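User: Please take a close look at a single part of this structure. I should like one connected account that sets that part within the whole chain and explains each term as it arises.

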Amino acid sequence: MSVAIRRMTAADAEAVAEQAGQLGYPTEPATIAERIERIATLDARDALLVAVGDDDRPLGWTHVEIRDTLVAPHAAQLMALVVADGARNRGVGRDLLAAAEAWAVEQGCKRLMVATRVTREDAHRFYRREGYELDKTSHIFEKPLPPAG
């Protein structure tokens, strides 16, 4: 299978939404399109990449962003990496991860981090196979905020 990596566009929203749903994050394509446009126009601190086949339809995608904090070196974090059900175990995820790593290096990042749910054992095996090591385990707390205004 021939795979190319390119920047994500709003035209990819339907496939991206479908694949996000496969990962457990159901989202409407229109919402994904809005988010693509917003993230892509914010600044160069995010990369939205898709892996496409010969027909240019996304087989998977990744979102990586710069994470600057006062207590850690300049780094990037993989916010999502999704490969479509029918394209898994064919190197698509590896190609997307390599593209995210290359982008992070171009941005001067010293490391690339990724967080996965403790239940995603296949993802844990994938990242370990690609040279990632478990650094720490965290709990993520969330509080809904009221609308601005």
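Analyst: Helices here are DSSP runs of H or I with at least four residues, strands are DSSP runs of E with at least two, and both are numbered from the N terminus. The structure is a predicted model, in which local features need pLDDT of at least 70 and side-chain atom pairs count only at pLDDT 80 or more, while totals for chains, interfaces and linings use all residues. Residues are numbered from 1 along each chain as its sequence is written, and side-chain values use heavy atoms, with hydrogens and water left out.

The chain contains 4 helices and 5 strands, arranged along the sequence as β-α-α-β-β-β-α-β-α. Its radius of gyration is 16 Å, close to the 15 Å that the globule rule gives for 149 residues, so the chain is as compact as a globular protein of that length. This radius is taken over C-alpha atoms, and the rule is 2.2 Å times the number of residues to the power 0.38. The C-alpha trace spans about 45 × 45 × 30 Å along its principal axes.

The part chosen for close study is helix 4, which covers residues 121–129. A residue is called buried under 20% relative accessible area, exposed over 50%, and partly exposed in between (1.4 Å probe, protein chains only). By this standard, 37% of the 149 residues of the chain are buried. In helix 4, the buried residues are A123, F126 and Y127. Viewed down the helix axis, the buried residues fall within an arc of 90 degrees, so they line one face of helix 4. The arc is that of the directions from the helix axis to the C-beta atoms. On the other side of helix 4, E121, R128 and R129 are exposed.

What lies over the buried face? The cover of the buried residues of helix 4 includes strand 4, helix 3 and strand 5, the last of these being residues 111–114. After helix 4 comes G131, with a positive phi near 95 degrees.

Strand 4, one of these covering elements, deserves a further word. M79 lies in strand 4 and is partly exposed, with a relative accessible area of 39%. Contact means heavy atoms within 4.5 Å. Apart from residues up to four places away in sequence, M79 touches H63, V64, E65 and R67. M79 and T116 are 37 residues apart in sequence, and their C-alpha atoms are 9.4 Å apart. For the chain as a whole, 57% of the contacts between residues at least 6 apart in sequence join residues at least 24 apart.

The loop from strand 4 (75–83) to helix 3 (92–106) contains N89. Most residues other than glycine have a negative phi. The phi of N89, however, is positive, near 65 degrees. With 81% relative accessibility, N89 counts as exposed.

In summary, helix 4 has a buried face formed by A123, F126 and Y127, whereas E121, R128 and R129 on the other side are exposed.
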